[in-house]
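Colleague: Could you walk me through this model, one question at a time? I would like to follow the reasoning as well as the results.

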Amino acid sequence: MKATSDGIFQGENPLNSALPLAILQICVVVVLTRVLAFVLRPLRQPRVIAEIIGGILLGPSALGRSTVFLNTVFPKQSLTVLDTLANIGLLYFLFLVGLELDLRAIRRTGSSALVIAIAGISLPFIMGIGTSFVLQHTVARGVPRGPGFVLAAFFLLRPVLTWMARRSPEGEPVKELYICATLAIVLAAGFATDTIGIHALFGAFIVGIIVPKDGPFAGVLLEKVEDLISGLFLPLYFVSSGLKTDVMTIKGGRSWALLVLVVGTACFGKIGGTLAASLIVRVPLREALTLGFLMNTKGLVELIVLNIGKDRHVLNDETFAIHVLMALITTFITTPVVMAIYKPARRGPPYKNRAVQRASPNDEFRMMACFHSTRNIPTIINLMESSRGTRKRGITVYAMHLVELSERSSAISMVHKARRNGMPFWNRRRNGDGDGDQLVVAFETYQQLSRVSIRAMTAISDLHTMHEDVVTSAHQKRAALIVLPFHKLHQMDGHMESLGDQYQHINQRVLHHAPCSVAILVDRGLGGAAQVAASDVSYTIVAIFFGGRDDREALAYGMRMVEHPGIGLHVLRFSPQSGTSDRAADDTFLEDFRTKVANGNESVQYEEKPAEEKAEVVEAIKAAGRCNLFLVGQGTSRMPLADRSTDCPELGPVGGYLALPEFSTVASVLVMKQYDPTAKHYDLVEEVAELAVDVDTPGPSNRGTNASFRAG
């Protein structure tokens, strides 16, 4: 096949040329695997399942049974090019795998994890040897045994890679020459190992292992390579494997019995060995069984080994198909089984202050402020500054960066770096390693210039379980208030652009499970796009009060904010409707507010308005003038103020209206829901009074450290 086509206008079929055909093959593979990944998403299956199934479907087991399809899209003369592209992608993917592997982590995992890992490898290996004799005397009769394997020598490469890593300091871009040189070294290592009779993939893998993990060098390599390799080239390998997999070769009772034997051996050996070792080191039964199923997953590495065996005639067609189906079955069952048996029991001691409104207002105020990106940071910091108050026991803020855990190598690498002693929590950053989150710097700087104690945190988890990280961390930190970012971002033209329904669902789940009060921040740039110095703070805050528990919580927060000398508070109290159940509590709270806060305070303005008609309420709110922030309760008894549905029930009837772009394009909104101890709760943390209280409180002695970094 020649490389390029002269085109259909010259009477030539483009699919008879290598490049157009390769482009078509890549497009077919990517589209099919992405569609399958979308279809399998409700089953919570990883993308590798979709890629394995896609490869099988394109092979002789399904679509490939059509000779027209096979000869048009995957003709025999094109397979060499396809396999070459697939193996180049695989070469760099194994390099990425090695890049993620930090051998120092093995020393930090502890003896229990090491025992479990060894047991999970040894028992299935021993059982696999026994199964291999059965296969050799049945479907694999006459097939030669694979050679043993000797790995040597990466000592010559490591000094070169270390030199390049040291010349790539934190905060400076990595030179393009170093990136190019490293990628060339990967190819050279693959060539060298292939020359001495070892598969080229292992050379690339070893290069990835020996790349220094300190500093930005390894991270930049990941970011440069992973999307192209994982998105385009890696799926080609699954198709290359699928074209060799013919499920129809598994015929008769003997073949299906062997499939059951192989699957049973793989499951029993891996799950049994891991379970036994876990129980020996006193891991609870549910967690031990979960570890066994997680260790039982198969994926790309298994397919690589199977393809090596197939190419070197260690496995025939039937044996290869049996093992591919085994890898697919064992991986497919992992997610539903783990979700069914693993119910993580989080336990913590009860605590008292779970709301802004409290009997002892001078108690320490603990707040967890969550954010998705750097766009939220200036507003979060300005909100902290506005909330610090003047009381002796001030405010402690836990700033949590919410990061989605994806299947990208860089995200998984972040999880690995977050682990300490094998546990999914870490409490401090190693000094001088340069791996700190750059987003933390802003909070550390603000802490040094203010009276606010701040602990920067990061939660890396799936979007479906991210609320668990927020809720459990808030309980662990004994927070009185969780501040969540609204799922829509303010744009320059005043409109709001949604991040997606999944981010909205995170907020709704936190509201459902929270152990304390919750506030949702509609960020329109409180204080502008940069942090405002304490001496320059000049905000006007409007608290809208209809009545009820949530409105009292919003006003209680406003009472704390107005202690700041640069903040003015305007309270709009709308006349309560007849028959309001909380009327007495509202009157008592407002009387206390007028007596202790409003009287004689020029920074506070209090006025009452009628609330009979919606138009009157809207007019009164608009007449309040331009302000920087609205405070409003979520569960007010008011009917919705908006003329149309806002699709944001978490904001309530008033907050939903204030968040509309036609109402305001400059004023941020903080919608608050007070923790109700009398309501039914769906707690994610079991409260046990006997547990010792271990609260991670930031202070001067541990300033600038990260805490409670959970990988979900």
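Modeller: Gladly! Helices (H or I, at least four residues) and strands (E, at least two) are DSSP runs, numbered from the N terminus. Please keep in mind that this is a predicted model.

Colleague: Good, then which strand holds Leu 631, and is Leu 631 buried or exposed?

Modeller: Leu 631 belongs to strand 12, which covers residues 629-633. Buried means under 20% relative accessible area. Leu 631 has 0% relative accessibility, so this leucine of strand 12 counts as buried.

Colleague: What is the C-alpha separation of Leu 631 and Tyr 557?

Modeller: Tyr 557 is one of the residues in contact with Leu 631, leaving aside neighbours within four places in sequence; the others include Ile 541, Val 542, Met 561 and Leu 670. Along the chain, Leu 631 and Tyr 557 are 74 residues apart. Their C-alpha atoms are nevertheless separated by 8.3 Å.

Colleague: And for the protein chain, what share of the contacts with a separation of 6 or more comes from residues 24 or more positions apart?

Modeller: Some background on the chain first: its secondary structure comes to 24 helices and 15 strands, and buried residues make up 51% of its 712 residues. Among contacts with a separation of 6 or more, the share from residues 24 or more positions apart is 79%.

Colleague: On to the helices. How is helix 7 oriented relative to helix 8?

Modeller: Two packed helices are described by the angle between their axes and the distance between the axes. For helix 7 (residues 157-166) and helix 8 (residues 176-195), the axes come within 11 Å and cross at roughly 160 degrees. Angles over 145 degrees count as roughly antiparallel, so helix 7 is, relative to helix 8, roughly antiparallel.

Colleague: What is the handedness of that crossing of helix 7 and helix 8, and how many charged residues does the contact have?

Modeller: The crossing is left-handed. Helix 7 contributes Leu 157, Val 160, Leu 161, Trp 163 and Met 164, while helix 8 brings Tyr 178, Ala 181, Thr 182 and Ile 185. By class, that gives 8 nonpolar residues and 1 polar, and the number of charged residues is none.

Colleague: How does helix 11 lie relative to helix 14?

Modeller: The axes of helix 11 (residues 252-280) and helix 14 come within 9 Å, with a crossing angle of roughly 45 degrees. That angle makes helix 11, relative to helix 14, oblique.

Colleague: How many charged residues are in the contact of helix 11 with helix 14?

Modeller: In this right-handed crossing, the helix 11 side includes Leu 258, Val 262 and Ala 266, and the helix 14 side includes Glu 318, Ile 322 and Met 326. The residues of the contact divide into 10 nonpolar and 3 polar, with the charged count at 1.

Colleague: With which side chain does Thr 319 make a polar contact?

Modeller: Thr 319 sits in helix 14, residues 317-332. Thr 319 has a relative accessible area of 1%, so it is buried. At 2.6 Å, its side chain has a polar contact with that of Asn 316.

Colleague: Last one: what is the phi of Arg 44, and what is that of Arg 478?

Modeller: Arg 44 lies in the loop between helix 1 and helix 2 and is partly exposed, at 33% relative accessible area. Arg 478 is in the loop between helix 19 and strand 5, and is partly exposed at 22%. Neither is a glycine, yet phi is positive for Arg 44, about 60 degrees, and for Arg 478, about 60 degrees.

Note on methods:
Residues are numbered from 1 along each chain as its sequence is written. This is a predicted model: local features need pLDDT of at least 70, side-chain atom pairs count only at pLDDT 80 or more; totals for chains, interfaces and linings use all residues. Side-chain values use heavy atoms; hydrogens and water are left out. Axes are lines fitted to C-alpha atoms, for helices over the stretch in contact, and angles run from 0 to 180 degrees between N-to-C directions. Angles under 35 degrees count as roughly parallel, over 145 as roughly antiparallel, 65 to 115 as roughly perpendicular and the rest as oblique. A crossing is left-handed if the near helix is turned anticlockwise from the far one by less than a right angle, and right-handed if clockwise. Contact means heavy atoms within 4.5 Å. Ala, Val, Leu, Ile, Met, Phe, Trp, Tyr, Cys and Pro count as nonpolar, Asp, Glu, Lys and Arg as charged, and the others, Gly among them, as polar. Buried means under 20% relative accessible area, exposed over 50%, partly exposed in between (1.4 Å probe, protein chains only). A polar contact is a pair of N or O atoms within 3.5 Å; within protein, one must be able to donate a hydrogen and the other to accept it, and residues adjacent in sequence count only if both atoms are side-chain atoms.
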